Amino acid sequence: MAVLRQFVPAHWAQDPVSAGFVRDLALTAEQLIIKLVLPFVDYGLESDLRQLDARLCQVSGAKAVKWQFGQDIATLSHASNAQDVPGVRNIIAVSSGKGGVGKSTTAVNLALALRQLGARVGILDADVYGPSIPMMLGVTQATPASDDGKTMSPVAAHGIVANSIGFLVGADDATVWRGPMASKALAQILRETRWGELDYLVVDLPPGTGDIQITMAQQVPTTAALVVTTPQNVALADAVKGISMFRKVNIPVLGVIENMSYHQCSQCGHQEALFGEGGGLRVSQQHQVPLLGQLPLDATIGRHMDSGRPTLVAEPEGDLAQRYLTLAARIACGLYFSGNTIPTRLYTRQV
Ligand SMILES: Nc1ncnc2c1ncn2[C@@H]1O[C@H](COP(=O)(O)OP(=O)(O)OP(=O)(O)O)[C@@H](O)[C@H]1O
């Protein structure tokens, strides 16, 4: 325990003992068995912890250390008084100040990365003006089923569940929705979907700071928001507006994600900062929000999205997937250590 107390894994705010994650510790003739149960998903933790093996063997007399991991994702508190969404533990809003910065691409890959790390994940396409999630998940022909005429089952794709106004009205019709009608559509689709048990529901917001964002603050129990930006000054200025808006409406901003940070040549691997350098970091420092990750402008990301097989599905072992997995773990970790755990409610559904 003393050895474990001295070790704080990357992005954690506490060591595993103080955080209460050590569930079991047993010494057999040969092995020291340590079981950790985490309230968030993590990535690369075992290789981090393996650095302790030699020291643990020395103090315990064991020949080897066996690490065991379990996961019970915590429900974190949210600032709004909005009613819970049955079965949904945490809601993460993905936003951007400007359109076209790669918010939906990031939201989809983030949801799939959380899933790959072992969480139960859903995605809600709240971009009621231009829903793109059905296309990105390759399920444009799907329709959420309803057996009672009041609620609907989300569409399953690549291990996650999804719902989008695009499934219900067709992408072109959605663009005419404005103001209260769009907000009502979001609230309705969120509450009338039978999400099942989810650790994380990722919500892809429309760009900007409009009615939908206000609805997220007032009617949705949002745990925290992420702001996606590119390094260009125009995008950064709008990202700052987004951060201020979330703060005004009491939604914690977990951090900034810089997309299209640099261009990586698919032929020679050369990296070039097409849109300038250091923008995301500047915003993060000036507005006291962490820079959670930087993703390259890479033509394969766009191609994967267009084919309906996002990078996490098309190349789950590739370098880009590793970046999304690292980002997802950092978000899950940050959400846990910056929030307050509340008891997870048990729901029964009337049939
Ligand atoms: N890192 C990236 N590298 C290459 N292409 C990308 C990257 N991120 C996004 N794209 C591409 O950029 C385009 C815009 O992305 P996306 O739809 O995710 O943006 P958005 O911010 O959600 O836009 P909007 O909110 O206006 O709908 C898409 O064609 C997508 O495939």
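Helices, taken as H or I runs of at least four residues, and strands, taken as E runs of at least two, are DSSP runs numbered from the N terminus. In these terms, R120 occupies the loop that joins α4 to β6 (121–125). The structure described here is a predicted model.

R120 is classed as buried because 20 C-beta neighbours fall inside 10 Å, the cut-off for burial being 20 or more. Apart from neighbours within four places in sequence, the contacts of R120 are with E197, L198 and D199. The C-alpha atom of R120 is separated by 12 Å from that of H158, although the two residues are 38 residues apart along the chain.

H158 itself is placed in the loop between β7 (155–157) and β8 (160–164). Its phi is near 50 degrees, a positive value in a residue other than glycine. H158 has 19 C-beta neighbours inside 10 Å and therefore counts as partly exposed. A positive phi is also found at H11, where the angle is near 75 degrees in a residue other than glycine. H11 belongs to the loop between α1 (2–5) and β1 (22–27), and its 17 C-beta neighbours inside 10 Å place H11 in the partly exposed class.

At the level of the whole chain, the domain assignment gives domain 1 (2–71) and domain 2 (75–342). The C-alpha centres of the two domains are 32 Å apart. Contact between them involves nine residues of domain 1 and 16 residues of domain 2. On the domain 1 side, the touching residues comprise six nonpolar, two polar and one charged.

The largest nonpolar core contains 88 residues, and the members that touch the most others are L110, V202, V203 and A328. Helix α14 (residues 319–338) supplies the largest share of this core, with 12 residues. Because domain 1 (2–71) and domain 2 (75–342) both give residues to the core, it lies between them. For A328, the contacts beyond four places in sequence are V41, L110, A113, L114 and L117.

The ligand is surrounded by 20 residues, of which G99, G102, S104, T105 and G302 come nearest. Elements giving two or more residues to this shell are α4 (103–116) and α12 (299–306). By class, the shell consists of seven nonpolar, 10 polar and three charged residues. In the unreviewed UniProt entry, the annotation "binding site" covers G97, K98, G99, G100, V101, G102, K103 and S104.

Two of the annotated residues, V101 and K103, may be described further. V101 is located in the loop between β5 (88–96) and α4. With 24 other C-beta atoms within 10 Å, V101 is buried. Residues up to four places away in sequence being excluded, V101 touches S96, V228, T229, T230, A235 and N259. K103, by contrast in placement, lies in helix α4. This lysine has 26 C-beta neighbours inside 10 Å and so counts as buried. Beyond its neighbours within four places in sequence, K103 is in contact with V94, S95, S96, D204, P207 and V228. S96 and V228 thus appear among the contacts of both V101 and K103.

How values were computed:
Residues are numbered from 1 along each chain as its sequence is written. This is a predicted model: local features need pLDDT of at least 70, side-chain atom pairs count only at pLDDT 80 or more; totals for chains, interfaces and linings use all residues. A nonpolar core is a set of buried Ala, Val, Leu, Ile, Met, Phe, Trp, Tyr and Cys residues joined through C-beta atoms within 7 Å. A residue is buried if 20 or more other C-beta atoms lie within 10 Å of its own, exposed if 12 or fewer, and partly exposed in between; C-beta atoms are placed from the backbone. Domain bounds come from an automatic or database domain assignment. Two residues are in contact if their C-beta atoms, placed from the backbone, lie within 7 Å. Ala, Val, Leu, Ile, Met, Phe, Trp, Tyr, Cys and Pro count as nonpolar, Asp, Glu, Lys and Arg as charged, and the others, Gly among them, as polar. A residue is near a molecule or strand if its C-beta atom, placed from the backbone, lies within 6 Å of it. UniProt positions are given in the numbering used here, feature names are shortened, and annotations may be inferred rather than shown by experiment.
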